[in-house]
Amino acid sequence: GLEMSGLRADLTSTEAALHAFRPAQTAPANGGGQPNPRYPTSRPAQWTPQNSVAMPASGFAEDPQPSFDVAATPSANTHTLGETTGTSHPLGAARAQVHENYIIAQTDDGLVIVDQHAAHERLVYERMKTALHDKGVERQILLIPEIIDLPETDVQNIAARADELSTLGLVVEAFGPGAIAVRETPSLLGEVDAHALIKDLADELAEWDRATLVRDKLHAVASRMACHGSVRSGRRLKPDEMNALLRQMEETPNSGQCNHGRPTFVALTLTEIEKLFDRR
């Protein structure tokens, strides 16, 4: 499983998960007494069969842009998947997406919880690093340039590094004293919020010395950009998309942590789960 593939779950996060799952108090052994409020006997008021329907399986089209093409799906707190093969994979087979950000996968000996945004952010970052060292970052031309209003100092900082930013696939230019025009963006980012991306880069550049070159901070800039090209929290993923994300994580170095050093997944063995229920 995970050890053989080189993937490592963060031990601190795993221990925190186990602690979070443990009930604060034990229900009476004889079943009597007052009901434990942590274990309600009735479904939440908002629950209906309609809002917990299973997601239909549908195709996942691989394209050069890592932003998943997600079709509209019924609103629900939890999406469950039918039985599928693949539990022998290190990160298992996707079984559900909960709270529109966490993928629950079943492995041969337990389960894995994946933060889809953090995980995909790392994937985009690693792809961008590879592209930088290989053939360069491919760009996509915006049909209509995006004009972003910024303080003059930020405009000057970005415009002064326009040539260097173009090596990362971002083509910009000053648009008067108080705005930046974005003409091309990295294809790796897919459909990107150029306004948020430029604001984020402006914050990054504001911390640099005037003599600092983008090439010296290439990975820092790439990390900022990758955040804007990743699958966001709140994005509903189809079953095949979830499994594709798991398989890409298994093939990508450093995918156990996001670009900010946070864990991308937590793994619990069946033994650990059974201990939570006093089965061991």
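**View 1. Three strands make an open sheet in this predicted model.** Read across the sheet and you'll meet the strands in the order 5-7-6, with antiparallel pairing. At the edges sit strand 5 (139–149) and strand 6 (171–174), and each of them pairs on one side only. Going from one strand to the next, the twist averages 15°. If you're wondering what holds such strands together, strands of a sheet pair through backbone hydrogen bonds, either parallel or antiparallel.

**View 2. Here's a closer look at strand 6 and its partner, strand 7 (residues 179–186).** These two pair in the antiparallel sense, with 4 bridges between them. To get your bearings, find E173: standing opposite it is A181 in strand 7.

**View 3. Two helices meet the sheet.** Helix 4 packs on the sheet, where it touches strand 6 and strand 7. The direction of helix 4 makes about 40° with that of strand 7. Helix 6, for its part, lies across strand 5, strand 6 and strand 7, and runs at about 70° to strand 5.

**View 4. Helix 4 (residues 152–160) and helix 6 (residues 194–206) cross each other.** Their axes come within 9 Å, and the crossing angle is roughly 85°. Since angles of 65 to 115 degrees count as roughly perpendicular, helix 4 and helix 6 are therefore roughly perpendicular to each other.

**View 5. Now zoom in on the residues where helix 4 and helix 6 touch.** Helix 4 brings D154, N157 and I158, and these meet I198, A202, L205 and A206 in helix 6. Sorted by class, that contact has 5 nonpolar, 1 polar and 1 charged residues.

Note on methods: Residues are numbered from 1 along each chain as its sequence is written. This is a predicted model: local features need pLDDT of at least 70, side-chain atom pairs count only at pLDDT 80 or more; totals for chains, interfaces and linings use all residues. Side-chain values use heavy atoms; hydrogens and water are left out. Axes are lines fitted to C-alpha atoms, for helices over the stretch in contact, and angles run from 0 to 180 degrees between N-to-C directions. Angles under 35 degrees count as roughly parallel, over 145 as roughly antiparallel, 65 to 115 as roughly perpendicular and the rest as oblique. Contact means heavy atoms within 4.5 Å. Ala, Val, Leu, Ile, Met, Phe, Trp, Tyr, Cys and Pro count as nonpolar, Asp, Glu, Lys and Arg as charged, and the others, Gly among them, as polar. Two strands pair if DSSP finds at least two bridges between them.
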